[in-house]
Amino acid sequence: MTPAGGRVLTALLPENLPEHSDRLAEEITVNGRGMTDYDLPTATDERTPLLVRRCLAYVAACLHAAQEHFGDTAVKSYVSFSFADTDEALLTSNVTFCTPLPDVRPYIPDLEGVTDAAVAELSAEDCSHWS
């Protein structure tokens, strides 16, 4: 936990945590990362299943650790997939974690309305169904 009460991945916590406008901003900034993909094939049909699997494994491990550490399943993960705005237009992914709070706007207010990426909100309960 940060001094402001943010739930963050300790391995990603910078030495000097800058001030953020709210807990949500703090959590998504510290916890958000582009998924490593430089070692994946460039062909979309080969790249996609590997990138999805990598993201889901990371999400499951982090959400399980958060559940163990905090004793609840409040932390959510957001995984997005989109094509890079480059000549190659490679499929890329970003993952972040945050804790929805009743007094703070949602991380993605209209999740179902996102049209420029595929986005999934996942919880520890979602991951418990994966074998």
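This passage describes the core, the central helix α2, two neighbouring strands and the main pocket of a predicted model.

A good place to begin is the nonpolar core. The largest one has 18 residues, and those with the most contacts inside it are Leu 51, Cys 55, Val 59, Leu 63, Val 79, Val 95 and Phe 97. Two or more residues each are given to this core by α2 (44-70), β2 (76-83), β3 (91-98) and α3 (124-127). Helix α2 provides the largest share, with six residues. Such a grouping fits a familiar pattern: in soluble globular proteins, nonpolar side chains tend to be buried together.

Val 95 offers a view of this core from a single residue. Beyond the residues up to four places away in sequence, Val 95 touches Cys 55, Tyr 58 and Val 59, and also Ser 77, Tyr 78 and Val 79. Its other contacts on this count are Asn 31, Gly 32, Arg 33 and Met 35.

Ser 77, one of the residues touched by Val 95, is found in strand β2. Ser 77 counts as buried because its relative accessibility is 0%, the cut-off being under 20%. With neighbours within four places in sequence left aside, Ser 77 is in contact with Val 59 and Leu 63, with Val 95, Thr 96 and Phe 97, and with Ala 120, Glu 121 and Leu 122.

Helix α2 itself deserves a closer look. Its 27 residues should span 39 Å at 1.5 Å a residue, and its end C-alpha atoms are 37 Å apart, so the two values agree. The buried residues of α2 are Arg 47, Leu 51, Cys 55, Val 59, Cys 62, Leu 63 and Ala 66. An α-helix has 3.6 residues a turn, so residues three or four places apart point the same way. Among the elements that cover the buried residues of α2 are β2, β3, β4 (118-122) and α3. The helix is followed by Gly 71, whose phi is positive, near 75 degrees.

Within α2, Arg 47 and Pro 49 make a helpful pair to examine. Arg 47 has a relative accessibility of 2% and therefore counts as buried. Leaving aside neighbours within four places in sequence, Arg 47 is in contact with Asp 37, Leu 40, Pro 41 and Thr 42, as well as with Leu 90 and Leu 91. Pro 49, by contrast, is partly exposed, with a relative accessible area of 36%. The C-alpha atom of Pro 49 is separated by 29 Å from that of Leu 13, and these two residues are 36 residues apart along the chain.

The loop between β2 and β3 holds Ala 89. The phi of Ala 89 is near 50 degrees, a positive value in a residue other than glycine. Most residues other than glycine have a negative phi. Ala 89 counts as partly exposed because its relative accessibility is 32%.

Finally, there is the largest pocket, in which about 210 Å³ of space lies. It is lined by 14 residues, and the closest to its centre are Val 8, Leu 9, Thr 10, Ala 66 and Phe 70. Helix α2 again stands out, giving six residues, the largest share of the lining. By class, the lining has ten nonpolar, three polar and one charged residues. Helix α2 thus gives the largest share both to the largest nonpolar core and to the lining of the largest pocket.

Definitions and conventions: Residues are numbered from 1 along each chain as its sequence is written. This is a predicted model: local features need pLDDT of at least 70, side-chain atom pairs count only at pLDDT 80 or more; totals for chains, interfaces and linings use all residues. Side-chain values use heavy atoms; hydrogens and water are left out. A nonpolar core is a set of buried Ala, Val, Leu, Ile, Met, Phe, Trp, Tyr and Cys residues joined through side-chain atoms within 4.5 Å. Buried means under 20% relative accessible area, exposed over 50%, partly exposed in between (1.4 Å probe, protein chains only). Helices (H or I, at least four residues) and strands (E, at least two) are DSSP runs, numbered from the N terminus. Contact means heavy atoms within 4.5 Å. On a 1 Å grid over the protein atoms alone, a cavity is a set of points where a 1.4 Å probe fits but cannot get out, and a pocket is an open set with protein on both sides within 12 Å along at least five of seven lines; lining residues have an atom within 4 Å of a point. Grid points are joined across faces, edges and corners, and a volume is the space filled by probe spheres set on the points. Ala, Val, Leu, Ile, Met, Phe, Trp, Tyr, Cys and Pro count as nonpolar, Asp, Glu, Lys and Arg as charged, and the others, Gly among them, as polar. The expected span of a helix is 1.5 Å times one less than its number of residues.
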